[in-house]
Amino acid sequence: MGLVIQILIVIIALLHCYFLWFEMFAWTTKGPKIFRNFPKELFEPTKALAANQGLYNGFLSAGLLWAFFIENLIWKNNVALFFLSCIAIAGIYGAITASKKIFFVQALPALIAIILILSKSSL
């Protein structure tokens, strides 16, 4: 796994750590400032749903970081590809159902990392 791929995976993992923090701990305070189109009165009732979503983002981040501790290159790549694929699919779904911006923030970086890993693996 090359340095550029590793840096991209760390950035994606950190981004999902931020999502974890935001959705689990700052949903009602920062949420209304970020999601201006979402009615303010719904942030408190959806707090548990957002926290659950944040937990899943934490699992995705943990999976990406776990890949760094795997010594076997084939398994390292496969684990990274699995979690990046989960992120890409979630980002595409979010772009279709919620906001196009989600594609660029979440799916596109994951897709770029997937392409880089697959192109490096085929050499």
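Against which helices do the buried residues of helix 4 pack? I would like to start there, and I should say at once that what we are looking at is a predicted model. The answer is that they pack against helix 1, which covers residues 3–25, helix 3, which covers 47–67, and helix 5, which covers 101–121.

Let me step back to the whole chain for a moment. The secondary structure comes to five helices and zero strands, so that, read from the N terminus, the order of elements is α-α-α-α-α. The C-alpha atoms fill a box of roughly 55 × 25 × 20 Å along the principal axes, and of the 123 residues, 38% count as buried. The chain exposes about 7800 Å², and carbon and sulfur atoms supply 72% of that area. Among the contacts with a separation of 6 or more, 57% are between residues 24 or more positions apart.

Now back to helix 4, residues 73–97. Its 25 residues, at 1.5 Å a residue, should span 36 Å, and because its end C-alpha atoms are 36 Å apart, expectation and model agree. At its N-terminal end there is a cap, provided by Asn72, with a side-chain oxygen 2.9 Å from the backbone nitrogen of Ile74. The buried residues of this helix include Leu81, Phe83, Leu84 and Ile87, and also Lys76 and Asn77.

Helix 1 can be read in a similar way. It has 23 residues and reaches 32 Å from its first C-alpha to its last, which is close to the 33 Å expected at 1.5 Å a residue. Among its buried residues are Ile5, Leu8, His16, Phe19, Phe22 and Glu23, and the buried residues of helix 1 pack against helix 2, residues 27–34, as well as helices 3, 4 and 5.

Finally, I would like to set two residues of helix 5 side by side. Is Gln106, which lies in helix 5, buried or exposed? Gln106 has a relative accessible area of 12%, and because buried means under 20%, it counts as buried. Leaving aside residues up to four places away in sequence, Gln106 touches His16, Phe19, Ile87, Ala90 and Gly91. Lys101, which is also placed in helix 5, is by contrast exposed, with a relative accessible area of 60%. Lys101 and Gly91 are 10 residues apart in sequence, and their C-alpha atoms are 9.3 Å apart in space.

One last point concerns charge: the chain has 9 positive and 4 negative charges, and the mean positions of the two sets are 10 Å apart.

How values were computed: Residues are numbered from 1 along each chain as its sequence is written. This is a predicted model: local features need pLDDT of at least 70, side-chain atom pairs count only at pLDDT 80 or more; totals for chains, interfaces and linings use all residues. Side-chain values use heavy atoms; hydrogens and water are left out. Helices (H or I, at least four residues) and strands (E, at least two) are DSSP runs, numbered from the N terminus. The expected span of a helix is 1.5 Å times one less than its number of residues. Buried means under 20% relative accessible area, exposed over 50%, partly exposed in between (1.4 Å probe, protein chains only). Contact means heavy atoms within 4.5 Å. A polar contact is a pair of N or O atoms within 3.5 Å; within protein, one must be able to donate a hydrogen and the other to accept it, and residues adjacent in sequence count only if both atoms are side-chain atoms. Accessible areas come from the Shrake-Rupley method with a 1.4 Å probe; for residues, only the protein chains shown count as cover. Lys and Arg count as positive and Asp and Glu as negative; His and the chain ends are not counted. The place of a charge is taken as NZ of Lys, CZ of Arg, CG of Asp or CD of Glu.
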